[in-house]
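Me: I'd like to go through this fold with you, sheets before helices. Can you take my questions as they come?

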Amino acid sequence: MKPIWIVDDDESIRWVLEKALARENLATQSFSSARDAIAALQNGTPQVLVSDIRMPGASGLELLQTVKAKHPGIPVIIITAFSDLDSAVSAFQGGAFEYLAKPFDVDKAVELIRRALDESLRETDIEQGAAQTPEILGQAPAMQDVFRAIGRLSQSNVTVLITGESGSGKELVARALHKHSPRASQPFVALNTAAIPKDLLESELFGHERGAFTGAQAMRRGRFEQAEGGTLFLDEIGDMPLDLQTRLLRVLSDGHFYRVGGHQSLKANVRVIAATHQNLEQRVREGLFREDLYHRLNVIRLRLPSLRERSEDIPILARYFLAQSARQLGVEAKRLSPQAMQFLSQLEFPGNVRQLENLCNWITVMAPGQTVEIKDLPQDLVEERVHAPQPAQTVAAPASAAALPAAYAEAAAGVAAASASADGAAGASWITLLETEAAQMLASEQPEVMDILGRQFEAALIKVALKHTHGRKNDAAVRLGIGRNTITRKIQELGIGGAEDD
């Protein structure tokens with residue numbers, strides 16, 4: 001991890017922040033002027049930048065502008081006096097992560113730097129992930145099954161049928177199958193059979209000879225010829241007309257086809273990957289799809305889960321799409337607040353990943369600030385959620401009661417029963433039990449109460465998250481809204497077992 005840069009002409013402030021961050025095992029590098037920091041950017045960059053706003057020579061705002069122009073992903077925290085709030089507003093307009101008002105509490109300053117550090121590490125993970133595997137993102141178990149299937153098929157030329165709802169990413173999976181196949185160096189050609197008029201679809205697939213029909217003034221190669229040696233992806237295959245299904249079956253059976261109006265048989269060396277959102281078995285029963293073609297296509301079937309089946313992937317997908325949209329528009333990526341991210345994670349998204357991507361494009365263009373709250377989301381989306389019928393709620397015992405503070409760990413299991421035993425009866429909340437424990441510890445003059453309870457609280461959350469994600473640290477970090485490095489450090493500090501190395 002890169003160091004945290006501290007830029008301030010006041011030596012005492014630099015010293016205080018250096019010592020406070022050193023206690024957190026965080027490396028720092030200090031500068032007494034903005035010009036020194038700007039010069040140092042030629043040789044390296046910080047993970048987080050903390051800068052005073054008023055210094056001799058170049059100001060903190062000038063430093064902010066330079067950093068954001070060259071390295072927009074670096075969070076910048078501006079230190080400002082209470083009497084200089086206009087400058088703080090300018091800092092926000094310039095892309096600052098947050099501002100720290102003088103005189104500041106050192107612990108709060110460290111907490112703010114920690115938040116900026118987590119944000120920086122999350123953005124780094126997204127950028128690295130985008131560079132390494134831009135085709136598909138997903139950590140949910142259902143997506144891991146898809147990835148494993150792609151891996152098993154990597155040395156195969158077998159025909160694959162991909163099923164799943166519209167917008168779930170079927171073409172991305174088809175491209176990944178091609179990319180990791182022996183045909184990767186050859187063409188990948190995609191055709192949405194539902195988007196081509198019936199009269200033109202045959203020519204699109206197989207090509208035509210000159211004079212085959214009115215307007216055919218030259219010979220044209222179809223998609224099978226264009227994909228020679230590579231992969232042909234036929235999307236929405238369930239909508240293909242029956243007569244064309246017969247011609248496609250012939251190609252799959254013996255590898256030969258004729259151009260429209262042609263008399264010479266052509267050999268097709270093409271791997272076919274088909275996809276549909278429809279129930280092909282039902283269409284076969286209804287006589288709308290040939291059963292023999294169905295069996296030819298259904299050699300290996302991959303079912304792509306809907307987004308509501310992998311809601312734990314919504315945060316990582318949203319961050320990726322926001323970063324992608326920002327790069328396309330040449331602006332700084334917007335950030336979803338924890339509340340907004342939780343809100344999105346609870347939506348149904350009937351349009352699946354495509355709908356989420358479109359939403360992120362809307363946010364990049366229309367959301368007013370860099371940090372996006374629920375109120376900044378499209379109004380119809382918010383109203384739809386507010387008016388949606390909510391399931392009945394019951395109070396359940398914490399999933400890891402043993403990890404809770406002693407005074408209320410034993411009582412936790414009884415909270416649900418106490419709450420549900422009578423209609424309208426109010427059961428004790430975990431906050432009430434926490435207050436009781438804190439009061440007892442304070443009454444007994446127990447030292448470091450905040451540290452003890454805080455560590456137990458963090459340990460309980462992380463243990464439950466790890467249990468929920470079957471020990472996967474990256475998944476647990478995403479669900480908790482913290483960085484991967486943060487959860488790794490916490491697991492080590494708190495002595496938590498059962499986590500897997502991702």
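**Sheets, a long-range pair and helix packing**

Reply: Start with one pair: tryptophan 5 has leucine 49 of S3 as its bridge partner. The model is predicted, so local features need pLDDT of at least 70, side-chain atom pairs need 80 or more, and totals for chains, interfaces and linings use all residues. Numbering starts from 1 along each chain as its sequence is written, and side-chain values use heavy atoms, without hydrogens and water.

Me: How many bridges are there between S1 and S3, and in which sense do they pair?

Reply: Four bridges, in the parallel sense, between strand S1 (residues 4-7) and strand S3 (residues 48-52). Strands here are DSSP runs of E with at least two residues, helices are runs of H or I with at least four, and both are numbered from the N terminus. Two strands pair if DSSP finds at least two bridges between them.

Me: What is the strand order in that open sheet?

Reply: S2-S1-S3-S4-S5, five strands with parallel pairing. Strand S2 (28-31) and strand S5 (98-102) are the edges, each pairing on one side only. On average, neighbouring strands are turned by 20° against each other, direction ignored.

Me: Which helix lies across S1, S3 and S4?

Reply: Helix H3 (residues 60-70), running at about 160° to S3. Axes are lines fitted to C-alpha atoms, for helices over the stretch in contact, and angles run from 0 to 180 degrees between N-to-C directions.

Me: Which residue forms a salt bridge with lysine 68?

Reply: Glutamate 332, with the closest N and O atoms 3.2 Å apart. Lysine 68 is in helix H3 and glutamate 332 in the loop between H13 and strand S13 (335-336), so the pair ties together parts 264 residues apart in sequence. The structure holds 20 salt bridges, each a side-chain nitrogen of Lys or Arg within 4 Å of a carboxyl oxygen of Asp or Glu.

Me: Back to strands. What order does the S7 sheet have?

Reply: S7-S8-S11-S6-S12, an open sheet of five strands with parallel pairing. Strand S7 (188-192) and strand S12 (300-303) each have a single partner strand, so one side of each is left without a neighbour in the sheet. Strand S6 (residues 160-163) runs parallel to S12, joined by four bridges. Threonine 163 stands opposite arginine 303 in S12.

Me: Now helices. At what angle do H13 and H15 pack?

Reply: About 50°, with the axes of helix H13 (residues 314-329) and helix H15 (residues 352-366) 9 Å apart. They are therefore oblique to each other. Under 35 degrees counts as roughly parallel, over 145 as roughly antiparallel, 65 to 115 as roughly perpendicular, and the rest as oblique. The crossing is right-handed: the near helix is turned clockwise from the far one by less than a right angle, while anticlockwise would be left-handed.

Me: What about H19 and H20, which residues meet?

Reply: Leu461, Ile462, Ala465, Leu466 and His468 in H19 meet Lys473, Ala476, Arg479 and Leu480 in H20. Contact means heavy atoms within 4.5 Å. The residues divide into six nonpolar, one polar and two charged. Ala, Val, Leu, Ile, Met, Phe, Trp, Tyr, Cys and Pro count as nonpolar, Asp, Glu, Lys and Arg as charged, and the others, Gly among them, as polar.

Me: And is the H19 and H21 crossing left-handed or right-handed?

Reply: Left-handed. The axes of helix H19 (residues 449-468) and helix H21 (residues 484-494) come within 11 Å and cross at roughly 115°.
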